[in-house]
Amino acid sequence: MSNQPAMWHRPVPADDRAGNATDAPGDGEGDDEGSRGGSSPPAYQFPGYQPAGYQPPGYQPAGHQTPAFPAPADRRSTSPAPAPAPAPAPEQHEPRAGLDTTAVLPYAGSRASTRTRWLRAWMMTAPVDVLALLTPLLVTQQYWRGTLAMTVLTVIVFASGGLYRARRHVSFLDEVPSLCGRLLAAASAVAIVAAMRHESAEYVFSFTRGVAASAGLVILGRAFTREFAIIARKRRWVEHNTIIVGSGPTAVELARLLRRYPQYGLRFVGCVDTPDGPSALPLIGSLDDLDSLVRLRECDVVIVADASCSETSLMEILARPRTAECDLWAATPLWGSRSHGDHIGAVPVVSIGDITLSGPQSALKRASDIAFASVALLLLSPVLLICAVATLIDGGPGIFFYQERIGRFGRPFNIIKFRSMRPVDEHESQTNWSIANDRRVGPIGRIMRRTSLDELPQLWNILRGDMSVVGPRPERPYFVEKFSAEYPQYAMRHRVPVGLTGLAQVSGLRGDTPISDRARFDNFYIENWSLWLDVKVVLRTVTEVFRAGGR
């Protein structure tokens, strides 16, 4: 029996010894793991094998006088065999650039996916949740009020917890803890109200039993929708075109994963990067072309990975109209950071919220603005009347002051205020930055400024749609142009409607405070917007008014 190993490497071909790489046939997709692009690995060397040209220790060519040395004990022959001519040393070749990774090329989309681009995750999960929660009404309609309350509250709690957001790594087991916790919270709230309204223990027990049954159906329904989503993605019934920003190692890994695993529901269409960035992947354009590429390639998702440009420039490009409509994901470089976001393969990714307040968020904000402005105008009408009379007494005719300001997307509009002073001319009105200590401001005007009562007529601007209750404060065209040139992040404030009050103002950034800080607070508000954040800003504004902390 041979002592040689059972598995042998193939012998090195002649062209490999000459330094030219010979590629083994592969499937074109799985060769990226071990391919290095240089020469092939050497053949296996069994024990005792000596390559051509090997010279044992102590060997000297014929004719050379050398003292005798005792042969080693394990040497079988005391006379060395004549050595063959030494083989030429193989050439040392530098590894060719681009061969250490397998290029991942864009591929054609499925026919079904072109008709399902409009589908979103919540369109399937939300209706199934509602049907499961309303199922007890098929048995009895005795508790229909509590069942409807349970349904509405559960959907709101699920939405606030992100359970209707699209996930790249779909797993029902990952959602079970959050589902159970939020179902328990909603059911407890409804059960407490039911116990307060009905003293009968039997009534409360029967109602709670129906709630428990509907909660179990919600969990079963969520398991079904998640499994169906995975099947639909694997068969490419649903997939969304995706552009990766970057071309470094993380971008290469993401492109490979999206190409190999369709269950993430993303179709890789190409990479973009800055012109002077790395080029390990074939690029379809530069970062400046991203907005047009999103339109041409009909992309729904943009993943930021290995971007070699500044954050300010990147966010400015991502805020462009077509790009801002895409779902934005960022691949975090902290691989060992225990990220609590989503992941694609082993690459952690974080979903970036809507940075333009479009779609349902915009509708919700607009509805809350209309409701707030209508109620405020009704309740504050006596205060508005008193302010109008005081302005008339302090400065004579001309109660209101109109001034051009810049609103959302750079559109100008006329803001309305109570007049607290009279500028010399229109040029002074448009270009004078701070006139808080001007002697022309009367005592009543000074009080109105410190309490911000002069801003109340802007409630009419809110009803008209020129402004919002909370948002970046509007500025005059002269200063918008000036600050946009000096501070790159300033122009990004105009992604959303301007506001009667704002996060920067309630944080003490009023009057002669750094513009860069104001822009930073305004952009933070935009990118972290929620209805509760608006409520907090309004409550803090009311506190500032009573403290007379205005200008």
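Among contacts in the chain between residues at least 6 apart in sequence, 73% link residues at least 24 apart. The model analysed here is predicted. Its chain has 551 residues, of which 37% count as buried, and contains 19 helices and 11 strands.

Helix α6 (residues 201-234) takes part in two of the helix packings described here, with α4 and with α3. The axis of α4 (residues 144-160) comes within 11 Å of that of α6, and the two cross at roughly 40°. This angle makes α4 oblique to α6, and the crossing is right-handed. On the α4 side the contact is formed by G146, T147, M150 and F158, and on the α6 side by F207, V211, V218 and R222. Sorted by class, the residues of this contact are 5 nonpolar, 2 polar and 1 charged.

Helix α3 (residues 122-134) packs on α6 at an angle of about 155°, with the axes 8 Å apart. The arrangement of α3 is therefore roughly antiparallel to α6. The crossing of α3 and α6 is right-handed. From α3, the residues in contact are M124, T125, V128, D129, A132 and L133. Their partners in α6 are S214, L217, V218, G221, R222, T225, R226, F228 and A229. By class, this contact of α3 with α6 comprises 8 nonpolar, 4 polar and 3 charged residues. V218 and R222 of α6 are listed in the contact with α4 and also in the contact with α3.

Helix α4 also packs against helix α5 (residues 172-197), at an angle of about 140° and with the axes 9 Å apart. This crossing, too, is right-handed. The α4 residues involved are G146, A149, M150, L153, T154, V157, F158 and S160. These meet L179, R182, L183, A186, A187, A189 and V190 of α5. The contact of α4 with α5 has 11 nonpolar, 3 polar and 1 charged residues. G146, M150 and F158 of α4 thus appear in the contact with α5 as well as in the contact with α6.

The loop between α6 and β1 (240-245) contains R236. Although R236 is not a glycine, its phi is positive, at about 60°. R236 is partly exposed, with a relative accessible area of 25%. A positive phi of about 60° is also found at F409, again not a glycine. F409 lies in the loop between β8 (400-406) and β9 and counts as exposed, at 54% relative accessibility.

On the other side of β9, R419 is placed in the loop between β9 and α13 (426-431). The C-alpha atoms of R419 and F401 are separated by 5.0 Å, although the two residues are 18 apart along the chain. Residues up to four places away in sequence being left out, R419 touches T391, G398, I399, F400 and F401.

Helix α14 (residues 443-450) has G445, M448 and R449 as its buried residues. These residues lie on the same side of α14, because they cover an arc of only 100° around the axis. In general, an α-helix has 3.6 residues a turn, so residues three or four places apart point the same way. The buried residues of α14 pack against α12 (381-395) and β9 (412-418). The exposed residues P443 and I447 are carried by the face of α14 turned away from its buried side. After α14 comes S452, with a positive phi near 60°.

Strand β10 (residues 468-470) includes V469. V469 counts as buried because its relative accessibility is 6%, below the 20% limit for that class. V469 and T501 are 32 residues apart along the chain, and their C-alpha atoms are separated by 6.4 Å. Apart from neighbours within four places in sequence, V469 is in contact with D369, F372, I462, G499, L500, T501 and V538.

Definitions and conventions: Residues numbered from 1 in each chain as written. Predicted model: local features only at pLDDT ≥ 70, side-chain atom pairs only at ≥ 80, totals over all residues. Heavy atoms only, no water. Axes fitted to C-alpha atoms, helices over the stretch in contact; angles between N-to-C directions. Helix = DSSP H or I, 4+ residues; strand = E, 2+ residues; numbered from the N terminus. Parallel < 35°, antiparallel > 145°, perpendicular 65-115°, else oblique. Left-handed = near helix turned anticlockwise from the far one by under 90°. Contact = heavy atoms within 4.5 Å. Nonpolar A, V, L, I, M, F, W, Y, C, P; charged D, E, K, R; others polar. Buried < 20%, exposed > 50% of the residue type's maximum accessible area, 1.4 Å probe, protein only. Arc of directions from axis to C-beta.
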